[in-house]
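Biologist: Could you take me through the largest pocket of this model, and what lines it? A quick word on the chain around it would help too.

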Amino acid sequence: LFRPAICIVRQVLRVPAEIVCKRSQTGCSGVFDVLAETSRETWLACWAAVLSRDVPMGGLQVAFYAQVHSALPEALSQMSQVLPDSLTDIISGGIAGAIAAALTTPLDVLVTHTMTDSNAPAERKGLPVGSDPVTKGPLELLRQGGSSTLTKGIGLRVLYYAPSIAIFFTIYEGMRRFLDCAI
């Protein structure tokens, strides 16, 4: 019960911060200007786009981490190599983060376009305000920019998330091992 409430609060705070960040990177002025100029429909479209990116990203990184973390020691033992647990955590987390980031890049591109499009207030990416950016947004981006549009920034996204997820899982596993010993 407590965890879902924290996730909701985190998203409520994170989406406005992400909108301000992305729009300021594209030349919009001032935090309060961005917040004031953003319509309710755009906020809802941004939250839908962020959730459509973050939920798969979280699921994929956990699934890939579990697979790599269990397969890595077996693969290394066949080569007569043994890694310390923390190094296995770092490598597994980095690989999982890189794969999950690469696979969710099209969703991140959709989030960026949803948050930064500066068309007239009644339109967003050629879509009517309030239309579903998650289902219609990718098709519009493909029509406007071709297939490479949905993979723009994949390298930087992988470089950002691989170490971040590696650090997360290393700390998580370290704390789990510490608590297992303490209890």
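Modeller: Sure, let's start with the outside: the chain exposes about 10,900 Å², and carbon and sulfur atoms supply 68% of that (areas come from the Shrake-Rupley method with a 1.4 Å probe, and for residues only the protein chains shown count as cover). Keep in mind that this is a predicted model, where local features need pLDDT of at least 70, side-chain atom pairs count only at pLDDT 80 or more, and totals for chains, interfaces and linings use all residues. Residues are numbered from 1 along each chain as its sequence is written, and side-chain values use heavy atoms, with hydrogens and water left out.

The chain has seven helices and two strands (DSSP runs numbered from the N terminus: H or I of at least four residues for helices, E of at least two for strands). From the N terminus, the order is α-α-α-α-α-β-β-α-α.

Now the pocket. On a 1 Å grid over the protein atoms alone, a pocket is an open set of points where a 1.4 Å probe fits, with protein on both sides within 12 Å along at least five of seven lines; lining residues have an atom within 4 Å of a point. The largest pocket has a volume of about 1,200 Å³, the volume being the space filled by probe spheres set on the points, which are joined across faces, edges and corners. Its lining has 35 residues, and R14, R53, D54, R157 and Y161 are the closest to its centre. Two or more lining residues come from each of α1 (2-25), α3 (40-78), α5 (105-116) and α7 (154-182). With ten residues, α1 gives the most to that lining.
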